[in-house]
Amino acid sequence: MTSLRRIVPKWRCLLLELKQTLKEQEERGLDVDEGDEDVTVYLDAIPTMRYHYSCGQNFIQCLTTYSDRGVVGFQWGHTMSTHRMEVWTENFKGDFSHTQSLPLDSGFRVEHLVSVPSHRVFVGACNDLSLRMFSDPNQGMSVQYQVICPGSVFCMHYCRETGQLLTGGMGIITFWGFWISTQIPLGLLRVMDWTSSSLRRDSTVSALLTESQTLYALCDRSIKSFDHAGSQEYREFRGRGQSTLRCVSPDWVQRYIYTGDITGFVQVWSRDTRCLLQEFRAHTRSVSTLLLRPNTHTLLTSSPDGWLKEWSSSGNLLLKLFLDEPGGVRNLWPLGEHDILCQALSSFSVWHLQNLYRLFNEPGCGMQVLRRVEGGRGRAQLLAVSQDSIVRLISPISGELLLISWPFLLLDKALTYAYNPGRKELFVASGLPEVLVMDLTLCPSPAKHLVCTSKNKDQDDSVMCVEAVLLGGTGLGTAEPPSCLVFSGHLNGMLQLLSPHRLLCPAIKAHAGAILQMSSLAGLRPQLCCYGSDKQLSIWEVGLRESLVEVTPWARVSSTSGVVFLRLFSGLVFAVTPNYSLLFFSLPEGRCLRMERNPPSTISCLDGCPSLGLVALAGPLGIVEVWETRGTQQVEMRLGTAISQVCFANARGDLLVCLGDCICIIFGQRYLPARLVRQVLLLAPVDDLLEDPTPFLPRSQSCYDLAAVPRLVLMHGEASPDLGQAPMEYYEVVADSELDDSELNNVELARPGTGRKASLQEVLAKDRMRKSQARVLTLLSANREKPRPWPFALPLVKTMEEEEVNLKDESMAEEPGDYDSSLPPMESLHFDILLQNWPIAPDGYLPNSIIRSWMPGQEQPKPQGPKDILALERTFPLEDEEPETEVTVIMATAKAARLRKPVPPTPSPDSSLEDVPQEDDSCDLLKSIAESPWLIARPDVDLAMVINALLRTMDGMDCVVYDKCMEALLRLFKAYPIPPEIVEKLSLTLFKHMQNGNPLWKRLQAMKNLANLELLQDKDLFKLAEVLLDEVVDLRNMARDILSRFFHIDNMTALFPRLQLDTG
């Protein structure tokens, strides 16, 4: 994994930063004493104005910045006779002040001004078609040199790599050098115009940009590129903007180029593919400036309409600021990392931008669920459900999209979600008696099955909420997913176990009314909190003993004011009332601490961090509040944008907030007090693993049709079984459920619908007997004589990801009463039938008709055609015998041919070499292949007929015969000149075998032989690129190896231009 994908740093990298943050807080006196811990820290992400200066109308002609301290110099004046250069400087406190006012010569006006830090000078393009070089403010800003330009100047750019100054005009780009001689401080180096490039006389060069020995020029509506010297022109960017491009800003990290045009559109160009990727409307008037913020990966745009806007890299609006200045904003200049200079016609202002959050993920839609789900030590994912009802799994480290679901209409009615990390199942409750179970091992995720909690679809059994309870937590030093139990809360107040299967858990009447919300706490003895319409909070302890799930009551709390949100912590329940007050219930006593917020703003989402004891609240006003579980508010952050969801990304306190269509991250060291920073240092959380996304492989439409999804009826006390498995024999508790462990064995159980009763001890003994029988049968099958191998049989390819059945947990024998008596009894197969050498069909499988009709003692069926001879009459060697390899067969055949061949006469000394007859080895090779017994037909000894016979044999035979045919083709290619039409036919056949739907071994062999026979051409790049999207890892690895060896393509960056070049 590359570290460039990480947004959340590794712990070893964060450790020094946390220690430095703690040291700075202690130096500033922010490390409060024990008595002052109730101090709330207020943070604001809204831009603030640091400095403002205004002058007469249209006084400011040009403006620029230089040095790290943000020194500003510009020329201003309203007549041609009174021009001055004013200088403002930022002091060490960060305040701007006017420092110098210097007169300038009259008779000219500076239209463009650029700073040259390497020479400590300024170069200005004047209206008299000349360039003037000014000294820095420390030397009086005097004019040091003047040179005449070959044309008007529309833009200027200083290249730090070459130390040259570039100017653009009407159909011309001019290169200037500094101190080209001792008497010339600024001189003309070369000119590039329409005579030496594709520039037109009427084209306008509006902006210039340089990077990595490449020059980019905005020419009208497109981008042209040249080398630094201007001697070579590269391929022009494909695509055109809405109108004339005006400004440009690069992002060399993500390899994008952003441009703005005069109609208000922003274009996103790819530097690698040299094409237009995206275009969006940013302003109602022209885009005057583009400015990229590298620390937040966001884009700033300004316009004469007066708006300053901040965008994500994909065009989502994050923030906008209106500057009420005449003429709007003409230009933007960066001042450090978080300050910008906004220039208007008669004023300028310095603004401080937020550095509180940065972009994490761009789903393109608001979120209705955002939650961290644990999957083992160091294994976690973010479960995100957008407002368009699409389920996503996001990496908590890089923010990358790992998996996406199919947009089911049932998800529009979803109330709550529960994720089982061990089985990778997502349970969706929608207020109906059916719970949708989605399979999150595939992308896009299909529906696995529907669990029906009522056989007759009784609305009283409707599931109002679901919750996943982790057994053992995630900090036990194992990377395996923890055991997970999924519970459902029903409209009738029942608490029931949904998953996993074959576990005994009687349904419990938890509340007098409907169960509206649930929350769980992982651990060795996990807890489950339920809130019902009876305004009661019930807390249960969950335990697992063999196949019995024990749910015992632990505490019950009454809330008179009602609850809209709740979270369960260790010894505490945090709740939010309908009037947005905060309740802290201590457990098991049930004492309540009520905190009134001022003002009581709307709360739409919350999340908790149990490791730090923090709760984060947010709402549509864009305010995030962080509270401790002991009832004190730590931080209040004003983000200025409505927040749809909030979530703790990890145990370090990093906070995720959904701002509009984007998910942003606020690092914990930005807002945590010193006391909690020390707690994070003591915890030393384990780094989450960086995962790769699941390949996006759409299936057939039937996989996403809910009408075809299997429905499983769930009885009371029964967890959902797997598909194709009979549920365990479940019983309901007849005796009192509140008993001690010593009395638990005397509990009487009754099986629903049968009237059978048994004690709990008998049920557990029966379950142990089933497991012991399964182990005995497993050992017997392991010691049994294994059937002889089938060397010519096709291997079965697993086309659907199904759950493996564990024989230790599955019973191999049926108990009386476990099956429907109305069904006919199933006759078990005789042991000799299992060891019979069954015939194999030409496609590599056993025909069903043969399996049904062929009994022991019956003679084998007669072959019907030439293809069936080898398929039905094959020998099955013993296991200890080594099969004869292809090399051995070829050597034996060649040796026998040499023994049968007559010895040629020895030539005399007088005879020449031409008189000696030459051996025709190629003819013997062609004859030996034509007489091979594994060919479906014996062709004539002709090259074309032999190759056609080999191709026909490859279509219908198994992997061993396929390998023989390919070995013969390789030998023929080396011995004979193959006609082009045969080569083309062989290439088409191998590409056909490489397509999806063929067995995996055939696809691998076809791709390998295409490379061995050197049949790949440039036009086949698209077919190899499609293989890179295949779900099989071996195919993708082989495709990468072939692209590297034959086409010298090692990454996607090199592949995309080749594909576009071929299409062009």
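**Exercise 1. How many bridges join S36 to strand S37 (residues 447-452), and in which sense do the two strands run, parallel or antiparallel?** Then work out how S36 sits among its surroundings.

*Solution.* Keep in mind throughout that this is a predicted model.

- Step 1: Start with the pairing asked about. S36 and S37 are joined by five bridges and run antiparallel. To find a pair of partners on screen, take Val-437, whose bridge partner in S37 is His-449.
- Step 2: Turn to strand S35 (residues 425-429). S35 also pairs with S36 in the antiparallel sense, over five bridges. Here Leu-426 stands opposite Met-438 of S36.
- Step 3: Look at the turn. The hairpin of S35 and S36 has four residues between the strands, and Gly-431 takes a positive phi near 80 degrees there.
- Step 4: Sort the side chains by face. In a regular strand, side chains alternate between the two faces of the sheet. On one side of S36 lie Glu-434, Leu-436 and Met-438, on the other Val-435, Val-437 and Asp-439, and all are buried.
- Step 5: Conclude. Six of the six residues of S36 (residues 434-439) are buried, so the strand is largely enclosed by the rest of the structure.

**Exercise 2. Describe strand S22 (residues 289-293) and its hairpin with S23.**

*Solution.*

- Step 1: Check burial. Five of the five residues of S22 are buried, leaving the strand mostly covered.
- Step 2: Assign directions. Thr-289, Leu-291 and Arg-293 point one way, while Leu-290 and Leu-292 point the other way.
- Step 3: Find the partner. S22 runs antiparallel to strand S23 (residues 298-302), with five bridges between them. Arg-293 stands opposite Thr-298.
- Step 4: Inspect the turn. Four residues lie between the strands of this hairpin, and His-297 has a positive phi near 55 degrees.

**Exercise 3. Which strands stand at the edges of the open sheet S7-S8-S9-S10?**

*Solution.*

- Step 1: Read the order. The sheet has four strands, in the order S7-S8-S9-S10, with antiparallel pairing.
- Step 2: Pick out the edges. Strand S7 (110-116) and strand S10 (143-148) each have a single partner strand, so one side of each is left without a neighbour in the sheet.
- Step 3: Add the twist. With direction ignored, neighbouring strands of this sheet are turned by 20 degrees against each other on average.
- Step 4: Look inside the sheet. Strands S8 (residues 121-126) and S9 (residues 130-135) run antiparallel and are joined by six bridges. Cys-126 has Ser-130 in S9 as its bridge partner.

**Exercise 4. At what angle do helices H12 and H13 pack, and which residues make the contact?**

*Solution.*

- Step 1: Give the geometry. H12 (residues 980-993) and H13 (residues 1000-1012) pack at about 145 degrees, with their axes 8 Å apart. The crossing of H12 past H13 is left-handed.
- Step 2: List the residues. H12 contributes Ser-987, Leu-990, Phe-991 and His-993, and H13 contributes Lys-1002, Arg-1003, Ala-1006, Asn-1009 and Leu-1010.
- Step 3: Classify them. Four are nonpolar, three polar and two charged.

**Exercise 5. Decide where to read the model with care.**

*Solution.*

- Step 1: Take the overall values. The chain has a mean pLDDT of 77, and 75% of its residues reach 70 or more.
- Step 2: Locate two weak stretches. The pLDDT is below 50 over residues 863-891, a stretch with 40 contacts beyond near neighbours in sequence. Residues 903-922 are also below 50, with five such contacts.
- Step 3: Apply the rule. Where pLDDT is low, the predicted coordinates should not be read in detail.

Methods. Residues are numbered from 1 along each chain as its sequence is written. Side-chain values use heavy atoms; hydrogens and water are left out. Axes are lines fitted to C-alpha atoms, for helices over the stretch in contact, and angles run from 0 to 180 degrees between N-to-C directions. A crossing is left-handed if the near helix is turned anticlockwise from the far one by less than a right angle, and right-handed if clockwise. Contact means heavy atoms within 4.5 Å. Ala, Val, Leu, Ile, Met, Phe, Trp, Tyr, Cys and Pro count as nonpolar, Asp, Glu, Lys and Arg as charged, and the others, Gly among them, as polar. pLDDT is the predictor's confidence in each residue, from 0 to 100. Buried means under 20% relative accessible area, exposed over 50%, partly exposed in between (1.4 Å probe, protein chains only). Two strands pair if DSSP finds at least two bridges between them.
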